[in-house]
Amino acid sequence: MTSTLTISQLTKTFGGVKALSNVSLSVAPGERVALLGHNGAGKSTLMKMILGLIAPDSGDISVCGVAPGDPEARSRVAYLPENAAFHSALSGLEQITYYMRLRKVNTAGAMNLLDRVGLAHAAKRRIGTYSKGMRQRVGLAQALIGHPTLLVLDEPTSGLDPVSRRDFYELLDGLAADGASILLSSHALTEVEARTDRLLILSGGKMVAEGTMPELRRKAALPVAMRISAINGYDTDIMAALPDAIRVNGALHLTCTQEEKLTMLVRISALENKVADVDIIPPSLEDIYSFFSRRDGQ
């Protein structure tokens with residue numbers, strides 16, 4: 001399957017400082033990819049190159065089979081910035097209709113777009129009366145004009161409440177199911193851990209890690225935590241059998257390596273008449289992100 005976005009050995013320097021260094025990545029049709037990194041890691045620079053706003057010093061980029069900024073790429077790529085700005089005197093419907101005319105798209109579908117992002121009830125209100133979350137939804141509606149092949153989203157859930165965030169990711173799920181490729185940057189690690197297919201971690205302009213969540217867990221090899229609830233009166237027996245366990249808030253906690261996990265579970269299972277429950281707590285995306293960022297010296 002041909003990738004919608006392919007980047008190879010991309011490098012960009014500003015004033016002697018490397019914003020990006022030999023960055024490579026790809027996004028396949030229907031794939032949801034999260035781009036993670038601290039402020040200054042190079043995420044915005046990378047997105048601007050994908051959009052054709054700035055040129056790399058070296059490396060190659062293919063967007064929908066053509067160069068960034070090519071008319072074909074511009075017609076098939078949608079972008080949503082972190083802080084979307086619109087004319088405060090226009091209504092949501094007028095603003096979306098205006099953008100549809102610019103893209104030479106039939107304006108009859110404007111209300112449907114606003115309905116998809118949960119703004120049908122406020123479509124005829126001036127944008128100046130909208131909350132930040134509502135303005136972000138206008139931006140998302142604008143990004144959906146023309147059924148884009150690739151969506152580039154910069155902190156797209158900024159300003160959205162929990163219900164709106166859930167609705168937003170459900171919308172992305174539907175777009176991906178229809179074949180759209182999605183590249184989004186976010187600092188909301190808990191969200192992207194559950195709602196994206198693959199993760200890219202930038203640090204200091206370098207791609208320090210990429211893969212699915214299970215792949216990144218294996219690469220990081222961080223310890224697995226276990227929380228053991230003892231049947232009343234048996235916590236001492238369990239600690240004798242598992243001397244590395246410690247008491248925390250009425251439960252027993254211990255950690256082990258990924259390779260030791262199954263062996264440890266067998267040892268715990270042997271205590272089944274004394275154990276009420278066991279919770280296995282794998283490393284979170286926040287743990288993995290911190291590990292790879294620190295490893296790169298950031």
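**Exercise 1.** In this predicted model, find the bridge partner of threonine 6 in strand 4, and describe how strand 1 and strand 4 pair.

*Solution.* Step 1: look across from threonine 6 into strand 4; the residue there is serine 62. Step 2: place the pair in its strands. Strand 1 covers residues 5–14 and is joined to strand 4 by five bridges. Step 3: read the directions. The two strands run antiparallel. In general, strands of a sheet pair through backbone hydrogen bonds, in either a parallel or an antiparallel manner.

**Exercise 2.** Work out the strand order of the three-stranded open sheet and name its edge strands.

*Solution.* Step 1: the order is 2-1-4, and the pairing is antiparallel. Step 2: strand 2 (17–27) and strand 4 (58–63) are the edge strands, each pairing on one side only. Step 3: from one strand to the next, the twist averages 25°. Step 4: add the helix. Helix 1 packs on this sheet and touches strand 1, strand 2 and strand 4. The direction of helix 1 makes about 120° with that of strand 1.

**Exercise 3.** Describe the connection between strand 1 and strand 2, then follow lysine 12 to its bridge partner and its salt-bridge partner.

*Solution.* Step 1: strand 1 and strand 2 form a hairpin with two residues between them. Glycine 15, in the turn, has a positive phi of about 55°. Step 2: seven bridges join the two strands, which run antiparallel. Step 3: within this pairing, lysine 12 has leucine 20 of strand 2 as its bridge partner. Step 4: turn to the side chain. Lysine 12 forms a salt bridge with aspartate 57, at 3.6 Å from N to O. Step 5: locate the two ends. Aspartate 57 is in the loop between helix 1 and strand 4, while lysine 12 is in strand 1; they are 45 residues apart, and the pair links distant parts of the chain. Counting every nitrogen–oxygen pair of this kind within 4 Å gives 13 salt bridges.

**Exercise 4.** Determine the order of the six-stranded sheet, and explain why strand 5 and strand 9 each have one side without a neighbour.

*Solution.* Step 1: the six strands form an open sheet in the order 5-6-7-3-8-9, with mixed pairing. Step 2: strand 5 and strand 9 (206–211) stand at the edges with a single partner strand each, so one side of each has no neighbour in the sheet. Step 3: neighbouring strands are turned by 15° against each other on average, direction ignored. Step 4: examine one pair. Strand 3 (residues 32–36) and strand 8 (residues 198–203) are parallel and share four bridges. Leucine 35 stands opposite leucine 200 of strand 8. Step 5: add the helices. Helix 1 (residues 43–50) packs on this sheet, touching strand 3, strand 6, strand 7 and strand 8. Helix 8 (residues 213–220) lies across strand 8 and strand 9, at about 120° to strand 9.

**Exercise 5.** Characterise the largest pocket by its volume and its lining.

*Solution.* Step 1: the space in the largest pocket is about 420 Å³. Step 2: its lining has 17 residues, with Leu51, Arg74, Val77, Tyr79 and Arg103 nearest the centre. Step 3: sort the lining by type, giving 12 nonpolar, three polar and two charged residues. Step 4: trace the sources. Helix 2 (71–76), strand 5 (77–80) and helix 3 (92–102) each supply at least two lining residues.

Key
Residues numbered from 1 in each chain as written. Predicted model: local features only at pLDDT ≥ 70, side-chain atom pairs only at ≥ 80, totals over all residues. Heavy atoms only, no water. 1 Å grid on protein atoms, 1.4 Å probe; cavity = no way out; pocket = protein on both sides within 12 Å on 5 of 7 lines; lining within 4 Å. Points joined across faces, edges and corners; volume = space filled by probe spheres on them. Nonpolar A, V, L, I, M, F, W, Y, C, P; charged D, E, K, R; others polar. Pairing = 2+ DSSP bridges. Axes fitted to C-alpha atoms, helices over the stretch in contact; angles between N-to-C directions. Contact = heavy atoms within 4.5 Å. Salt bridge = Lys/Arg side-chain N within 4 Å of Asp/Glu carboxyl O.
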